[in-house]
Structures are given as structure tokens and as C-alpha cells.
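Good morning, and thank you for joining this session. I should like to take you through one structure, beginning with a set of charged side chains and ending with the spaces between the elements.

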Amino acid sequence: PTRSCVFAMGLLNILKKLKKNEREARILVLGLDNAGKTTILKKLSEEDIQHIMPTQGFNIKSLQHEGFKLNVWDIGGQKSIRPYWRNYYDQTDALIYVIDSADTRRIEETGIELQQLMDEERLANVPLLVMANKQDLLSALSPAEISKELGLDDIRERTWNIQACSAKTGEGLTEAMEWLVDQINTGAD
């Protein structure tokens with residue numbers, strides 16, 4: 001099978017893992033502009049990633065398989081849009097925070113935004129998946145370096161994971177989504 005076919009099959013298998021009683025999950029995808037949020041979503045959905053424009057507002061992607069539904073909300077990350085992120089917090093089952101691992105100039109800014117999300121009461125018990133995107137670039141920080149820079153090891157009040165990935169190649173995306181579905185299932189118990 002082709003590489004994109006493998007990813008689609010992987011995503012379908014991940015959706016199958018959602019427990020029978022958990023028919024639907026809402027996932028919020030946030031991060032600074034140009035982190036790769038939309039590209040990750042399109043890659044997971046087997047869509048063309050050649051011509052992606054910055055997200056003005058939001059994209060919603062509903063992935064369905066055998067009665068299971070993953071509603072993924074991809075919200076723009078431009079500074080002018082970030083204050084509106086809070087409008088999407090309610091009923092969130094999992095949070096994906098995408099980081100451009102090669103953009104070391106903005107690591108402090110992304111850390112501040114992430115900390116504000118962690119302090120948000122409506123996201124208090126929501127599992128956090130940090131996707132260290134753009135690992136295919138030579139200048140990318142490793143997940144361990146990003147974890148240290150952002151103080152992820154200090155997070156005690158929630159389940160979290162950091163996953164190295166590349167939206168361009170698809171590497172790490174399946175593993176990230178599998179972890180997320182496992183967390184959603186754990187929360188449903």
C-alpha cells in the first residue's frame with residue numbers, strides 16, 4: 001500500500017479503538033501560526049498538503065468510522081486569533097498543542113501560550129498531546145529539548161505526552177493519535 005494509504009488505514013484502526021460507549025470525541029488542535037496544525041490534520045485525512053494557507057478562524061474535520069466520530073477543531077494560531085481560542089474550550093475531550101520544533105525564536109512565546117492553556121479551568125482534566133512537528137528539519141529541537149524549554153516535566157495535574165512528528169512525511173502522526181485515543185478511552189472508564 002502507498003504511504004498515505006497506510007496512514008489512512010492507521011487512522012481507521014485508531015478510530016476502531018474508541019470504546020463502544022465513547023461514540024464521539026472532541027479534540028482541540030492549537031498552537032502558534034505556522035506550527036503545522038492544518039498540515040497534520042490534512043495528512044491524517046489523506047488530503048493534499050501541497051498548498052495550505054494560514055487558517056483564518058478555524059477548520060473542523062470530522063473523522064468517522066463504524067459509528068465512531070472524532071471531531072477535530074483546528075483553530076488559527078495568529079496572535080490576533082488566540083484570544084478567541086477560549087470560545088472552543090467547552091466539552092473538549094483532548095488537547096493537541098502543535099509546536100514548530102525548528103522555530104527556536106518563538107519557543108518562549110509558544111511556552112507562554114501553552115501555560116495559559118494549562119491554567120484554563122475548562123481544560124483542567126483534559127489530556128495534553130504536544131506534537132513536536134517539523135522533526136524532518138535539521139534545525140528542529142528534540143522532544144526532550146522542547147520538554148525542558150516548556151517545563152512539561154513540571155506538569156502534574158494532567159496526563160500529557162510529547163510526540164516527535166513531521167506533518168510533511170507523516171512520521172509520528174499515527175503514534176500520536178493512538179496515544180490520544182487511549183487517553184480518551186481511559187477518561188471514558
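**Charged pairs, a pocket and two cavities**

Let me begin with Asp33, which is partly exposed, with a relative accessible area of 27%. Please bear in mind throughout that this is a predicted model.

Which residue does Asp33 meet in a salt bridge? The partner is Arg106, and the side chains come to 2.7 Å, N to O. Asp33 sits in the loop between strand S1 (24–30) and H2, while Arg106 sits in the loop between strand S4 (94–100) and helix H3 (107–118), so the pair ties together parts that are 73 residues apart in sequence. Arg106 itself is buried, at a relative accessible area of 15%.

Arg106 has a further partner. Glu109 forms a salt bridge with Arg106, and here the closest N and O atoms are 3.3 Å apart. Glu109 is partly exposed, because its relative accessible area is 24%. Through shared partners, salt bridges join Asp33, Lys79, Arg82, Asp103, Arg106, Glu109 and Glu113 into one network. As a general remark, side chains of opposite charge can pair when their charged atoms come close. The count for the model comes to 12 salt bridges.

Another of these pairs deserves attention. Lys134 forms a salt bridge with Asp100, with the closest N and O atoms 3.1 Å apart. Lys134 belongs to the loop between S5 and helix H4 (143–150) and Asp100 to strand S4, so this pair ties together parts that are 34 residues apart in sequence. Are these two residues buried or exposed? Lys134 counts as buried, at 18% relative accessibility, and Asp100 is buried too, with a relative accessible area of 13%.

I turn now to Asn133. Its place is in strand S5, which covers residues 128–133. Asn133 is buried, with a relative accessible area of 2%. What does the side chain of Asn133 reach? The answer is the backbone oxygen of Ala35, at 2.8 Å. Leaving aside residues up to four places away in sequence, Asn133 touches Ala35, Gly36, Ile40, Val98, Ile99, Asp100, Ser101, Cys165, Ser166 and Ala167. Asp100, the salt-bridge partner of Lys134, is thus one of the residues that Asn133 touches.

The next topic is empty space. Rolling a probe the size of a water molecule over the atoms shows where such space is left.

The largest pocket has a volume of about 420 Å³. How many residues line the largest pocket? There are 22, of which Asn34, Ala35, Gly36, Thr39 and Lys134 lie nearest its centre. Ala35 and Gly36 have already appeared among the residues that Asn133 touches, and Lys134 as the partner of Asp100. By class, the lining of this pocket has 7 nonpolar, 10 polar and 5 charged residues. Helix H2, residues 37–44, gives the most to that lining, with 3 residues.

Beyond the pocket, the count comes to 3 cavities of 30 Å³ or more. The largest cavity has a volume of about 70 Å³. Its lining consists of Leu32, Asp33, Asn34, Ala35, Ile99, Asp100, Asp103, Arg106, Ile107 and Thr110. The elements that give two or more residues to this lining are S4 and H3. By class, the lining of the largest cavity has 4 nonpolar, 2 polar and 4 charged residues. Asp33 and Arg106, the pair with which I began, are both found in this lining.

The second largest cavity has a volume of about 50 Å³. The residues that line this cavity are Val29, Lys37, Ile40, Leu41, Leu44, Val72, Ile96, Val98, Met131 and Met177. By class, they divide into 9 nonpolar, no polar and 1 charged. H2 and S4 each supply at least two residues here, and H2 gives the most, with 4.

That brings me to H2 itself. Why may we call H2 largely enclosed by the rest of the structure? Buried means under 20% relative accessible area, and 7 of the 8 residues of H2 are buried, so the helix is largely enclosed. The buried residues are Lys37, Thr38, Thr39, Ile40, Leu41, Lys43 and Leu44. Just after H2, Glu46 takes a positive phi of about 65 degrees.

To close, I return to two points. Asp33 and Arg106 meet in a salt bridge and both line the largest cavity. H2 gives the most to the lining of the largest pocket and also to that of the second largest cavity. Thank you for your attention.

Note on methods
Residues numbered from 1 in each chain as written. Predicted model: local features only at pLDDT ≥ 70, side-chain atom pairs only at ≥ 80, totals over all residues. Heavy atoms only, no water. Buried < 20%, exposed > 50% of the residue type's maximum accessible area, 1.4 Å probe, protein only. Polar contact = N/O pair within 3.5 Å; in protein donor to acceptor, adjacent residues only side chain to side chain. Contact = heavy atoms within 4.5 Å. 1 Å grid on protein atoms, 1.4 Å probe; cavity = no way out; pocket = protein on both sides within 12 Å on 5 of 7 lines; lining within 4 Å. Points joined across faces, edges and corners; volume = space filled by probe spheres on them. Nonpolar A, V, L, I, M, F, W, Y, C, P; charged D, E, K, R; others polar. Salt bridge = Lys/Arg side-chain N within 4 Å of Asp/Glu carboxyl O.
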